[in-house]
Amino acid sequence: MTTLLSSLKVIARPEIAIKPPIISKRLRLIEKLEQQLDMAECMVQGKEFEAYREKMVKDPETGERKKVRRRYNVRSWYYDNEQHYYFEVRISGKPIELVKDKPAIDVGDKAKLPDTIKIVIDAVEKGELDEFLLAPPSKFPSKKMKTKEAAKPDIAAKSNTQ
């Protein structure tokens, strides 16, 4: 008596190699750069850019969970100064310095912006920005931390006055 399962080739589970973490970091950066590319192309064409993300929402009447597309704002990594455009690559919300003390890429005309972003995407794919992706997060305090520290009374000054 033959069964359907006997017609299948059954093997031991193969060993799955673990991917290095740099690959997922590259993919995340490329995803964000492609979003910036779409935004730049919309700006050049004079169209409105809209980004959506899917979110699970519970319906208050039925209690059923549904996927809903929600619009969200995306900040551009490019800016202009008197119709001359610049682009910054950002990791963890902070611009990286491609050259010491120089985080901005001089693009020039806004029509060149999509081509510049494509070059940066190619550089990320080839691993040219891996040193920035693997670097530990900067230890500079955020603006929120600076204001909290400024609000704290200086303990050393109090102890010296006593």
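Here are some exercises on a predicted model, each with a worked solution.

**Exercise 1. Getting an overview**

Work out how many helices and strands the chain has, and in what order the elements run.

*Solution.*

Step 1. Start with the count: the secondary structure comes to five helices and seven strands.

Step 2. Now walk along the chain from the N terminus, and you will meet the elements in the order α-β-β-β-β-β-β-β-α-α-α-α.

Step 3. Next, look at burial: of the 162 residues in the chain, 22% are buried.

Step 4. Turn to the surface, where the accessible area of the chain comes to about 13,600 Å². Carbon and sulfur atoms account for 53% of that surface.

Step 5. Finally, consider contacts with a separation of 6 or more: 50% of them join residues 24 or more positions apart.

**Exercise 2. Two residues of helix α2**

Decide whether T116 and V120 are buried or exposed, and list what they touch.

*Solution.*

Step 1. Place the residues: T116 lies in helix α2, and V120 is found in helix α2 as well.

Step 2. Use the cut-off for burial, which is a relative accessible area under 20%. T116 has a value of 14%, so T116 is buried. V120 has a value of 9%, so V120 is buried too.

Step 3. List the contacts, leaving out residues up to four places away in sequence. T116 touches I105 and V107. V120 is in contact with L33, F87, V89, I105 and L129. I105 therefore appears among the contacts of T116 and among those of V120.

Step 4. Add one distance across the sequence: V120 and I30 are 90 residues apart along the chain, and their C-alpha atoms are separated by 8.9 Å.

**Exercise 3. Charged patches on the surface**

Find out which residues form the negative patch and which form the positive patch, and name elements that supply them.

*Solution.*

Step 1. Begin with the negative patch, where E31, E34, D38, D122 and E125 gather on the surface. The elements that give two or more residues to this patch are α1 (21–45) and α2 (113–125). Helix α1 gives the most, with three residues.

Step 2. Take one member as a check. E31 lies in helix α1. Exposed means over 50% relative accessible area; E31 reaches 58%, so E31 is exposed.

Step 3. Move to the positive patch, which is formed by R28, K32, R53, K55 and R70. Here α1 and β1 (51–58) each supply at least two residues.

Step 4. Check one member again. K55 is found in strand β1. With a relative accessible area of 45%, K55 is partly exposed.

Step 5. Put the two patches side by side: helix α1 supplies residues to the negative patch and to the positive patch.

**Exercise 4. Salt bridges**

Say how many salt bridges the structure holds, then describe the partners of R71, K67 and K66.

*Solution.*

Step 1. Recall the idea behind this exercise: side chains of opposite charge can pair when their charged atoms come close. The structure holds five salt bridges.

Step 2. Look at R71, which forms a salt bridge with E48; the closest N and O atoms are 3.7 Å apart. This pair links distant parts of the chain, with R71 in strand β2 (residues 65–72) and E48 in the loop between α1 and β1, 23 residues apart. R71 counts as partly exposed at 45% relative accessibility, whereas E48 is exposed at 62%.

Step 3. Look at K67, whose partner is E54, with 3.6 Å between the closest N and O atoms. K67 lies in strand β2 and E54 in strand β1, so this salt bridge ties together parts that are 13 residues apart in sequence. K67 is exposed, with a relative accessible area of 62%, and E54 is exposed, with 54%.

Step 4. Finish with K66, whose side chain meets that of D59 in a salt bridge at 3.7 Å, N to O. At 40% relative accessibility, K66 counts as partly exposed.

Note on methods: Residues numbered from 1 in each chain as written. Predicted model: local features only at pLDDT ≥ 70, side-chain atom pairs only at ≥ 80, totals over all residues. Heavy atoms only, no water. Patch = residues over 30% accessible without salt bridge, like charges linked within 9 Å, V, L, I, M, F, W, Y side chains within 5 Å. Areas by Shrake-Rupley, 256 points an atom, 1.4 Å probe, with all protein chains shown as cover. Salt bridge = Lys/Arg side-chain N within 4 Å of Asp/Glu carboxyl O. Lys, Arg positive; Asp, Glu negative; His and termini not counted. Charge placed at Lys NZ, Arg CZ, Asp CG, Glu CD. Helix = DSSP H or I, 4+ residues; strand = E, 2+ residues; numbered from the N terminus. Buried < 20%, exposed > 50% of the residue type's maximum accessible area, 1.4 Å probe, protein only. Contact = heavy atoms within 4.5 Å.
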